[in-house]
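Work through the exercises below with the sequence and the model side by side. Try each task before reading its solution.

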Amino acid sequence: MSDVDRNDEKPASRDVATCPVTRIGGSFDAFDAESYAFYARARAEEPVFYSPQIGFWVVTRYSDIRAILQGDPEIFSAEKVLELLKPLCPAAMNKAIEYGLAVSPTVVDEDPPGHTLHRQALRRGFTPERVAAMEPRTRELVTTRIDAFIRRGRADLVTDLMFEVPALIILEMMGVPRADLMTVRKFAKRLAVFEFGHPSDEEQIEITDTLGEFWRYCERHVDRLIDHPGSDAVSTFIAGMRDAGGSQPLDRQYLTTVTFSIIFAGHETTTNAAAGAFRALLENHDQWNMLCGDPGLITHAVEESLRFYPSVPQWRRITKQPVTIGGVDLPAGARLLLALGSGNRDAGRFVDGDTFDIRRANAGEHLAFGWGRHHCIGDGLARMEMRVALEELSRRLPHLQLVAGQRWEFSPNASFRGPEHVLVTWDPSRNPAPADRP
C-alpha cells in the first residue's frame, strides 16, 4: 500500500468497495468548463471523490496531483490516458478498421522504459534552439493577422488571431506543407470530442471518417520523411529512433501515431491557452493595463494565465496497485481524473488562488503542462507563441476591451478547454501611430 496524501489533515479513510458514490460526486460534471467553484468545495469537503458520470475518481488538491504525476509508474500508470471516454459504436469501429486507423501507445500514454527512450528521441525536435528559431516566423504570422483587423475596431482574438498561428508553426516544425492547414485544423477539433467527450453514435461515425482520412495522410507523410528526411521534428525523431534501435526496423505505426498526436497537441492546446490568457487579462483590466505599461510582465502573465485557465484542466492516470490518495483507499485498476485546473487554484500552494495576479511569484509552479516524466515536451513552444501574441497585441492595441455580456463557449470534452471565441472592441482612432512602433 502506498500513501500519496500530503495534506496535514486527512479525511477519514473510505473503502471504495463499500462506498463507490461519494457525498459530492453525483453533482460533478466532468464537461463543465467553468467548474472552479465546485473544485473549491471539493478541495475543502472531499478532495478525492468518485464521479458516477464518467466512472473516475477525481483528485482535486495540488499536493496529491503532483505526487501522482511524479509517482512510481508501477503504481500510477499513464497507459489509459488516451482511452476513449465513450467506446466506439459498431459502425464507427468498422470504419476505423476500414481506414487502418490503429493508434498505438505513444509518448503521452507510455510508461518507462519505452517512454524514456521515445521521449529522448522526440525532444530533439523541440529543443530551446529550435523553438527560438521559430520566433521570427511566429511574430510574422501574428503581425500579419493583426494588420488584417487593426483598423476594424472589432475582432475575435481566437478566429482572427490564434486560430491558425500555432497550427502553422507546428505544421512547419513537423514538416507538413502549409497548404494542409485546414485539414489539420478540422482533425484537431474533432479529436478532442472524439477522445475526451461523449459524442453520439452519428457523431462518432462522422468523426471517424475525418480521423481516418487524417491517419492515412500521416502515414504518407511519415513514409515521405523516412525516404527523404529533412530538418523537421518528425525527421529528427525518426533519426533518434534509428540511433536507439540500431539495426531494428522502424515502427511505422508508432511514427504515424506520434505525428498524428503531436500535430493535434501542438496547436489546439496553445490556441486554447492563448484564448484563456486573453480572457483572463481583459476580464481583469487592471492587469491588462499593468502589462501594457510594463512589457517586462508579459512572461509572468503567460505563467499566471496558464495557472488560471489551463488548456488541459483535467488529465488521467490509472492505478496499477492498491494505493491511498487523500485518505481514500483505492484498488488496482482505479481510474483517476487529475483536476489540474483545481490544483492550480489550491490555496495550499497558491495564495488567493482564485485571484488572477500577473505579479504572482510562484505562478510557474502550475500544473498546466503536467509534472515529472510526462511534462509537456512542447511547453517552450507554447510559452513562446503566447508571449509573442501578447507582446504584439499589448503594443499595438493597448486599449482593447472585451465585448460586454459575451457568452463563453467551449468544446464539449473533459480534457481540452479554451474559449471558442474572445470578442473584443477598440477605437481605431486611438491606435498607436506607425512611428510609435519599432
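Two strands pair if DSSP finds at least two bridges between them. Helices (H or I, at least four residues) and strands (E, at least two) are DSSP runs, numbered from the N terminus. This is a predicted model, in which local features need pLDDT of at least 70, side-chain atom pairs count only at pLDDT 80 or more, and totals for chains, interfaces and linings use all residues. Residues are numbered from 1 along each chain as its sequence is written, and side-chain values use heavy atoms, with hydrogens and water left out.

**Exercise 1. Lay out the sheet of 5 strands and name its edges.**

Step 1. Write down the order: β3-β4-β10-β7-β5. The sheet is open, and its pairing is mixed.

Step 2. Mark the edges. These are β3 and β5 (76-77), each pairing on one side only.

Step 3. Start from β3 (residues 48-51). It runs antiparallel to β4, joined by 4 bridges. Ser51 stands opposite Phe56 in β4. The two strands form a hairpin with 4 residues between them. Gly55, in the turn, has a positive phi of about 75°.

Step 4. Move on to β10 (residues 335-338). It pairs with β4 in the parallel sense over 3 bridges. Here Val59 has Leu338 as its bridge partner.

Step 5. Cross to β7. It runs antiparallel to β10, with 4 bridges. Arg317 stands opposite Leu336 in β10.

Step 6. Finish at β5. Its 2 bridges to β7 are antiparallel. Ser77 is partnered by Ile318.

Step 7. Add the helix. α2 (residues 62-70) lies across β3, β4, β5, β7 and β10. It runs at about 120° to β10. Axes are lines fitted to C-alpha atoms, for helices over the stretch in contact (heavy atoms within 4.5 Å). Angles run from 0 to 180 degrees between N-to-C directions.

**Exercise 2. Why is β7 largely enclosed, and which way do its residues point?**

Step 1. Set the cut-offs. Buried means under 20% relative accessible area, exposed over 50%, partly exposed in between (1.4 Å probe, protein chains only).

Step 2. Count. 5 of the 5 residues of β7 are buried, so the strand is largely enclosed by the rest of the structure.

Step 3. Sort the directions. Trp315, Arg317 and Thr319 point one way, Arg316 and Ile318 the other.

Step 4. Look at Thr319. Its relative accessibility is 2%, so Thr319 counts as buried. Its side chain reaches the backbone oxygen of Pro331 at 2.7 Å. Beyond its neighbours within four places in sequence, Thr319 is in contact with residues including Ile75, Phe76 and Leu336.

**Exercise 3. Describe how α3 and α10 pack.**

Step 1. Locate them: α3 is residues 90-99 and α10 is residues 201-227.

Step 2. Read the geometry. The angle is about 10°, and the axes are 9 Å apart.

Step 3. Classify. Angles under 35 degrees count as roughly parallel, over 145 as roughly antiparallel, 65 to 115 as roughly perpendicular and the rest as oblique. The two helices, α3 and α10, are therefore roughly parallel to each other.

Step 4. Find the residues that meet. Among them are Ala91, Lys95 and Tyr99 in α3, and Ile205, Asp209 and Trp215 in α10.

Step 5. Divide the contact by type: 6 nonpolar, 3 polar and 5 charged. Ala, Val, Leu, Ile, Met, Phe, Trp, Tyr, Cys and Pro count as nonpolar, Asp, Glu, Lys and Arg as charged, and the others, Gly among them, as polar.

Definitions and conventions: Polar contact = N/O pair within 3.5 Å; in protein donor to acceptor, adjacent residues only side chain to side chain.
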